[in-house]
Amino acid sequence: MTDPTTATSDKPVVATGAAASPATATAPTRTRSLSADAWYDLRRRPLFIVAATLIGTLLVLAAFPQLFTSVDPTVGDLSRARQGPSAEAWFGYDQLGRDVYARTIYGTRVSIVVGVLATTVVVLVGAVVGLVAGFAGGWVDSLLARIADVFFGVPFILGAIVVLSTFRLAVGQSVIGISALVIGTIGLLSWPITMRIMRSAAIAARNQDYVKAARALGASPLRIIRRHILPNTIAPVLVYATIALGAFIGAEATLSFLGVGLRDPVVSWGVMISEAQSYLRTSPHLLLFPGAFLVVTVLAFVLLGDAVRDAFDPKGR
Amino acid sequence: MGRYVLRRLLQLVPVFLGTTFLIYFMVWALPGDPLAGKCGDQACPPAFIEQLRAEYGLDQPLVVQYLSYLGGLLQGDFGENFRGQEVGTLIANTYSVTIKLALVALVIQAVIGLTAGVLTGLRPGGYLDNVVLTATLFLVAVPVFVTGYVLQAVLGLRLGLIPPTVPADPGFTDLIVPGYVLGSLSLAYVARLTRTSIAENSRADYVRTATAKGLTRRRVVGVHLTRNSAIPVITFLGADFGTLMGGAIVTEGIFNIRGIGGLVFESIQRLDGVVVTGVVVLLVMVYLLANLLVDVTYALLDPRIRLD
Amino acid sequence: MSTRTTTQTDAGAVTDRGPDGVPLLEVDDLHVEFHTRDGVATVLNGVNYHVGAGETLAVLGESGSGKSVTANTVMGILPVPPARITSGAVRYRGEELLTADDERRRELRGEHIAMIFQDALSALNPVFTVGFQIGEQLRTRRGMSRRDARARAVELLDMVGIPGAKQRVTSFPHEFSGGMRQRAMIAMSLALDPDVLIADEPTTALDVTVQAQIMDLLADIQREREMGMILITHDLGVVAEVADRIAVMYAGRIVEQGDVHQLFAKPCHPYTEALLASIPRLDSKGTQLQAISGLPPTLTRIPPGCPFHPRCPRARDECREIDPPLLALPGGRASACLFAEELAQS
């Protein structure tokens, strides 16, 4: 039994007269927390390793494009327009004579950054609103839930087109402006999803006995949220976030394909695919390479999200 | 049950108002001249603009505009667009095509998804299971427009099995390939959801009890397991149909289908505000009603759900 | 039902057997393994028991002792990929079950050997009415019409003491209280008039007053129908009321067997002794409760010798090496302890 008076000190509490372990000498057992189990499981899944490696490579590509190509992706020589793949230009040249390989590499950074930032926005906004709504309950919950419903009711592509068309002129030609607009649009239309996930998880957590116990001990709401609710509700949101990352990269590509998302001077796979539409029959390589990169990237994130979700699912044992 | 439906319908109203006002606001009040598309590429003469302003009530405060628009809606009048076309007729013509497309997509994703899900759910970890899991991952990862382009190029242009674009008044068979493209993502979800539902329910206590009662395996699976596993899948399909009815801008664009997605896309490009607003209002309504229907169906399927 | 004759077998065991000397249900030296990610767990390590018509055998043990696994093996509902039956036999009226084909085993379920489970809420299908679930066996296996099956379901619900059976037959499981649900499950198990009823912790999830009612119900039913009943439980109080014989299980084997009165009066195994000593008694107020120190062995790493020796107050050197077999004792009892005879005489 531990001495209750030492509970208030910061020194590690030593159990006086520690109970002798049973005479059966058992081998030391591994820690069995959910995340420890999940990590143990993840390490052994081949799909996870494949996905993680792919993503790692892509992140390097995104962070250090100079390592992979020395060509400037924005410079074009019209005399080389739409030439197919060759020894000097592995992926050929696009309709303005720009090196497709270089553009694909540099496009990695934009596509991933847009995806990551959009996911961050969605997770932060949705999680905060969902947490507040779920934990507070009452009229606050009803109000926030209604607001979320309003945004939820707008079909994604439709709403995105409306918003992006409206602000198109306002952001002009600035790379940051265009990117921020797209990120903001995706975030604006997708935050209700994370909000709902977080809200239902928070409501479930709020009704648990350990929260009631904490309340009875006089813990402040902030402490309860931080120590009891958050750790138990963050998992489903994070699982969704990993899958959403892939989806948002795809969404950016779709919006750019429609002509309302990113555009010149920003280089992203979606932009490249959009520009390649008109030359589909004559120069398929303009679509092929960025398309392939896009598919592989989204696939990697979806695989990752899948593996993470399976690993965290205690029923999957 | 009736009281619940009534209450939900009432709750629907503020959400409907909120969403439609938001759209109205974005279309009419934000920067961007709503009248830009009226006179072609040239600017319109000022007098003409004044006349239009008065006719469309654009000089009144936004809320008043919105309310009078709503008033018109309730009488079934979607207004006329800048070309003098009846928005209501435009919508009716194109929506019927979209509904057909949505039905085809729903049937395809239900049939393929359920079959794959049932077969793999009953035998998790098997060979078929791995194949289906990988296939669904690809379906989820590949964006719709890529699938659309690839199928159009391969089946339409290369192999000539289907016409690359869909005829003006399509029958159900013309819409099979576009339907598949549209439903490909949901197909993956249906398959996985069914698989998980069946796999989880297979380990449930009541399945053990049914077996212990000496029922045949066929009955345990066909009656007990199916009935419980179907619930989340059917609700998903219902909700998805609501989304499908929201129009498929990308798919319709690729296959040149004259559906509501194409209509709204064109109208946004042309800054034809009346059409955009009308379409969005309709789509939001459809989506909200579909959600309500799904919730009611869920309660009907699962006796444990008490609607109150 | 067949007339009961009591016969003395070689081991001196007094059993209730049929006219040909064969018990109704018999488990013979059953060994079952489970293949887990932490290794192979020996869940059943030589289980022997039997039950005759009209008698109640209580199988007593802690969680993880293997009592439910034995029952599941008898019913044939073990999940066979992680589990593996490595040796042993199960016989119903002399017929070998483990080697029988799947169809025969299915025939026996419900019709001859029935089982009820601990948590009626999860054991009953939530989307079908209670009447449907009781009636489906009658419809599919006896060919009854829907109307007749429903009428019989009402009779059964009435028999188990559910008030307003006619209305409740169309209710769903979640609309019943815990005790009523358990009664409904009992009614369901009796639909095809089985000879043997296995009750796997039927009252563990219920509160005490309801427990008593359910146990009385089970006792009445068993008496009326002369069924053999195997009552799996960890609750000694329940056992004392209802059982004729007890089999005490520990770490996958039977450590003691015998008539309930004799066993309670004079346990012949240190584990049984410890169990009985741990029951709080009204006249021991003010004294410390006696718990059994230590924990049951990890089934993937069972120590050599007697499985109980690490926790046994009477353990001696031999206990660490020799795994005691189930020794027959006078009066139809048996005990798996090297010093069983000493205990019997003290």
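Against which helices do the buried residues of helix 8 of chain B pack? In this predicted model, they pack against helix 7 and helix 9 (217–244) of chain B, together with helix 1 (67–75), helix 3 (120–123) and helix 7 of chain C. Helix 8 of chain B covers residues 205–212, and its buried residues are Y206(B), V207(B), T209(B), A210(B) and A212(B). Just after this helix, G214(B) takes a positive phi of about 85 degrees.

Helix 7 of chain B spans residues 176–202, and S197(B) lies in it. S197(B) is buried, with a relative accessible area of 7%. Leaving aside neighbours within four places in sequence, S197(B) is in contact with S229(B) and P232(B).

Chain B as a whole has twelve helices and zero strands. Its pattern along the sequence is therefore written with helices alone: α-α-α-α-α-α-α-α-α-α-α-α. Of the 308 residues in chain B, 50% are buried. Among contacts in chain B with a separation of 6 or more, 76% are between residues 24 or more positions apart.

Chain B also meets chain A. Here 34 residues of chain A are in contact with 34 residues of chain B. The size of an interface is often given as the accessible area lost when the parts come together. Between chain A and chain B the buried area is about 3200 Å², and carbon and sulfur atoms give 80% of it. On the side of chain A, V150(A), L158(A) and V162(A) supply 16% of the area buried against chain B, more than any other three residues. The count of salt bridges between chain A and chain B is zero.

Chain C brings in strands. Eight of them form an open sheet with mixed pairing, in the order 8-9-10-5-11-12-14-13. Strand 8 (113–116) and strand 13 (327–329) of chain C stand at the edges; each has a single partner strand, so one side of each is left without a neighbour in the sheet. On average, and with direction ignored, neighbouring strands of this sheet are turned by 20 degrees against each other.

One pairing in the sheet can be followed in detail. Strand 9 (residues 196–200) and strand 10 (residues 228–233) of chain C pair in the parallel sense, over five bridges. I198(C) stands opposite I230(C), which is in strand 10 of chain C. Helix 8 of chain C (residues 208–225) packs on the sheet and touches strand 5 (56–60), strand 8, strand 9 and strand 10 of chain C. The direction of this helix makes about 160 degrees with that of strand 10 of chain C. Helix 7 of chain C (residues 178–190) lies across strand 8 and strand 9 of chain C, and runs at about 170 degrees to strand 8.

The last topic is the cysteines. A disulfide is a covalent bond between the sulfur atoms of two cysteines. How many disulfides does a search of the whole structure find? The search finds zero over all chains. For C268(C), the closest cysteine sulfur is that of C337(C), and no bond is possible because the two sulfurs are 9.3 Å apart, too far for one. C306(C) is in no disulfide either; its nearest cysteine sulfur, in C319(C), is 6.1 Å away. Both cysteines are buried: C268(C) has a relative accessible area of 2%, and C306(C) has one of 10%.

How values were computed
Residues numbered from 1 in each chain as written. Chains lettered and ligands numbered in written order. Predicted model: local features only at pLDDT ≥ 70, side-chain atom pairs only at ≥ 80, totals over all residues. Heavy atoms only, no water. Disulfide = S-S within 2.5 Å. Buried < 20%, exposed > 50% of the residue type's maximum accessible area, 1.4 Å probe, protein only. Pairing = 2+ DSSP bridges. Helix = DSSP H or I, 4+ residues; strand = E, 2+ residues; numbered from the N terminus. Axes fitted to C-alpha atoms, helices over the stretch in contact; angles between N-to-C directions. Contact = heavy atoms within 4.5 Å. Buried area = accessible area lost by both parts, 1.4 Å probe. Salt bridge = Lys/Arg side-chain N within 4 Å of Asp/Glu carboxyl O.
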